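These are my notes from going through one structure, element by element. I kept to what I looked up and wrote each point down in the order in which I followed it.

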Amino acid sequence: MARLGYVAFSADIYGKGIRPQTAEEAKTQATLYRSNRALLRERVNAALTELRKQPQTDSEKLAAIGYCFGGTTVLELARSGADIDGVVSFHGGLDNPNPQDGKRIKSKVLVLHGADDPLVSQEDIKAFEQELREEIKNRQSCL
């Protein structure tokens, strides 16, 4: 990625001093943000703002990649309407309490998700697919 001109930046969504030590503690923190998508979007957009301030950052080449909770987070970044090239979610949560927010997506979206992942229901997968189909229709109507 560095050869393509991208800078790596890791966002601290949880905040200063919050370092889960167990799976249960991590679940508690992730649940806090998954149940408050506005707060999650606020945090990830603050991180994006900070990244843009860095002198080595080319604001014309921005993308976000996340795994698990990070995968959920980058999808929320896209749903917030962030002006970035794309997001890649690995094993992220696909549910969206506000499916209409899919219309705000400006970037490319790549979701890498295992078919037998027990953490994401088939209903969430179908709803996510529908959300992106609606987003594509919205883009086509804007042309």
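I began with Ala64, which I find buried, because its relative accessible area is 12% and the cut-off for buried is under 20%. The model is a predicted one, and I read every value below with that in mind. Ala64 is placed in strand S1, and, leaving aside residues up to four places away in sequence, I list its contacts as Val74, Leu77, Ile84, Gly86, Val87 and Val88. I also looked up the separation of Ala64 from Ser89: the two are 25 residues apart in sequence, and their C-alpha atoms are 8.4 Å apart in space.

**The sheet**

From Ala64 I went on to the sheet, an open one of 3 strands in the order S1-S2-S3, with parallel pairing. Strand S1 (63-67) and strand S3 (108-112) are the edge strands, and each has a single partner, so one side of each lacks a neighbour in the sheet. From one strand to the next, the twist averages 10°. I then checked how strand S2 (residues 86-90) is joined to S3, and found 5 bridges between the two, which run parallel. At Gly86, the residue I find standing opposite in S3 is Lys108.

**Helix H3**

My next entry concerns H3, where I asked how many of its residues are buried. The count is 10 of the 11, so the helix is largely enclosed by the rest of the structure. The buried residues are Phe69, Gly71, Thr72, Thr73, Val74, Leu75, Glu76, Leu77, Ala78 and Arg79. After H3 comes Gly81, for which I note a positive phi, near 90°.

I looked at Thr72 separately, which belongs to helix H3 (residues 69-79). Its relative accessibility is 2%, so I count Thr72 as buried. Not counting residues up to four places away in sequence, Thr72 touches Arg34, Ser89, Gly92 and Gly93.

**Aromatic pairs**

A search of the whole structure gave me 3 aromatic pairs, and I followed two that share Tyr33. For Tyr14 and Tyr33 the ring centres are 6.1 Å apart and the planes are at 20°, so I enter this pair as stacked. Tyr14 lies in the segment before helix H1 (23-34), whereas Tyr33 lies in helix H1, so the pair ties together parts that are 19 residues apart in sequence. I find both Tyr14 and Tyr33 buried.

For Tyr33 and Phe69 the ring centres are 6.3 Å apart and the planes are at 55°, so I enter this pair as tilted. Since Tyr33 is in helix H1 and Phe69 in helix H3, this pair ties together parts that are 36 residues apart in sequence. Phe69 is buried, as is Tyr33, and I record Tyr14, Tyr33 and Phe69 as one aromatic cluster.

**The nonpolar core**

Last, I asked which residues have the most contacts inside the largest nonpolar core. They are Leu48, Phe69, Leu77, Ile84 and Val87, in a core of 24 residues. H1, helix H2 (37-53), H3 and helix H4 (122-142) are the elements that give two or more residues to this core, and H3 supplies the largest share, 5 residues. For Leu48, again without residues up to four places away in sequence, I list contacts with Leu62, Leu77, Ala82 and Ile84. Leu77 and Ile84 also appear among the contacts of Ala64, the residue with which I began.

Terms used. Residues are numbered from 1 along each chain as its sequence is written. This is a predicted model: local features need pLDDT of at least 70, side-chain atom pairs count only at pLDDT 80 or more; totals for chains, interfaces and linings use all residues. Side-chain values use heavy atoms; hydrogens and water are left out. Helices (H or I, at least four residues) and strands (E, at least two) are DSSP runs, numbered from the N terminus. Buried means under 20% relative accessible area, exposed over 50%, partly exposed in between (1.4 Å probe, protein chains only). Contact means heavy atoms within 4.5 Å. Two strands pair if DSSP finds at least two bridges between them. Axes are lines fitted to C-alpha atoms, for helices over the stretch in contact, and angles run from 0 to 180 degrees between N-to-C directions. Rings of Phe, Tyr and Trp (its six-membered ring) pair if their centres lie within 6.5 Å; planes under 30 degrees apart count as stacked, over 60 as edge-to-face and the rest as tilted. A nonpolar core is a set of buried Ala, Val, Leu, Ile, Met, Phe, Trp, Tyr and Cys residues joined through side-chain atoms within 4.5 Å.
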